[in-house]
Amino acid sequence: FDFSTIRGYPSVGANDAGMLADTDVLITIDKNYFRHRCEDMQRRALSGKRVYAGLSPAPVNQVFPPEITYLKHDRGEGVSESRGKVHGLNSGYAAMNLAFLAGATEIRLLGFDFNFKAGGSHFYGDYPWHRQSNDRQIRKWAVQFERAAAQMQQHGVQVLNFVGPQGSSVESFPTVPLEEIAA
């Protein structure tokens, strides 16, 4: 995917997808990601990007870097409406929650297909520290978006899921062909 096609829009990215897309904001709720990529996250924050880590409880035996904004996190129902706290089972959901908290009225999801395929569950492959990913876990994550759909609609937030030819397991929001994302 050519990420330059979406430049000019405020962007929130999750984990390495946010790094690769060079998003304005980066968030993780993954403790392993935080542990393994903390220095990369710090460098990103020092370069002027906003970086958040939604970790509950806070990391043990690790000093929390002042450059990274700490957020409380829990699995929650729907999206958190409390500043300083995000919900979700995965960092992509937390990214959507962060956009909601920032007052977005339209959220365009990219990379939310939640389809497991041989070789990895991410378009760039899996993380070296991951244990085996499986379709059941990814589909569980996809279903969680159902809890947020009514809440988003209630608040007047339009969420569109831009997907490729394989479609998406996230069925809570309207899908739009990937090539139309910059339209």
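This passage describes the fold of a predicted model, with emphasis on helix H2, the strands around it, and several residues in the connecting loops.

The secondary structure of the protein chain consists of four helices and eight strands. Their order along the sequence follows the pattern β-α-β-α-β-β-β-α-β-α-β-β. Of the 183 residues in the protein chain, 44% are buried. Among contacts with a sequence separation of 6 or more, 52% involve residues 24 or more positions apart.

Helix H2 comprises 16 residues, from 31 to 46. With a rise of 1.5 Å a residue, a helix of this length should span 22 Å, and the separation of 21 Å between its end C-alpha atoms therefore agrees with expectation. A kink of about 75 degrees is nevertheless present in H2, centred on arginine 37. At the start of the helix, a side-chain oxygen of aspartate 30 comes to within 2.8 Å of the backbone nitrogen of asparagine 32. After H2 comes glycine 48, which has a positive phi, near 105 degrees.

The buried residues of H2 are Tyr33, Phe34, Arg37, Cys38, Met41, Arg44 and Ala45. The centre of the kink, arginine 37, thus belongs to this buried set. The spacing of such a set can be read against helical geometry. An α-helix has 3.6 residues a turn, so residues three or four places apart point the same way. The buried residues of H2 pack against helix H1 (15-21), strand S2 (25-28) and strand S3 (50-54).

Strands S2 and S3 run parallel and are joined by four bridges. Within this pairing, isoleucine 27 stands opposite tyrosine 52 of S3. The chain passes from S2 through H2 to S3, forming a β-α-β crossover that is right-handed. Strand S3 is mostly covered, with four of its five residues buried. S3 also runs parallel to strand S4 (residues 69-74), to which three bridges join it. Tyrosine 52 has threonine 69 as its bridge partner in S4, while alanine 53 is partnered by tyrosine 70. Tyrosine 52 is accordingly placed opposite isoleucine 27 as well as being paired with threonine 69. The parallel arrangement continues from S4 to strand S5, again through three bridges. In that pairing, histidine 73 stands opposite valine 86 of S5.

The region that includes H1 and the loop leading to S2 contains two residues other than glycine with positive phi values. Most residues other than glycine have a negative phi, and most peptide bonds are trans. Asparagine 15, found in helix H1, has a phi near 55 degrees. Its relative accessible area is 9%, and asparagine 15 is therefore buried. Aspartate 22, in the loop between H1 and S2, has a phi near 50 degrees. The relative accessibility of aspartate 22 is 38%, so this residue counts as partly exposed.

Threonine 23 occupies the loop between H1 and S2 as well. Its relative accessibility is 6%, below the cut-off of 20%, so threonine 23 counts as buried. A polar atom of the threonine 23 side chain lies 2.7 Å from the backbone oxygen of valine 25. Beyond neighbours within four places in sequence, threonine 23 is in contact with Ser11, Val12, Gly13, Gly18, Arg44 and Lys49. One of these contacts, Arg44, is among the buried residues of H2.

A further loop, between S4 and strand S5 (85-87), contains glutamate 77. With a relative accessibility of 58%, above the cut-off of 50%, glutamate 77 counts as exposed. Not counting residues up to four places away in sequence, glutamate 77 touches His87, Arg147 and Gln151. The side chains of glutamate 77 and arginine 147 are joined by a polar contact of 3.4 Å. The C-alpha atoms of glutamate 77 and glutamine 144 are separated by 8.2 Å, although these residues are 67 residues apart along the chain.

Terms used: Residues are numbered from 1 along each chain as its sequence is written. This is a predicted model: local features need pLDDT of at least 70, side-chain atom pairs count only at pLDDT 80 or more; totals for chains, interfaces and linings use all residues. Side-chain values use heavy atoms; hydrogens and water are left out. The expected span of a helix is 1.5 Å times one less than its number of residues. The bend at a residue is the angle between axes fitted to the seven residues ending there and the seven starting there. Buried means under 20% relative accessible area, exposed over 50%, partly exposed in between (1.4 Å probe, protein chains only). Contact means heavy atoms within 4.5 Å. A polar contact is a pair of N or O atoms within 3.5 Å; within protein, one must be able to donate a hydrogen and the other to accept it, and residues adjacent in sequence count only if both atoms are side-chain atoms. Two strands pair if DSSP finds at least two bridges between them. A crossover is right-handed if, with the strands pointing away from the viewer, the path from the first strand over the helix to the second runs clockwise.
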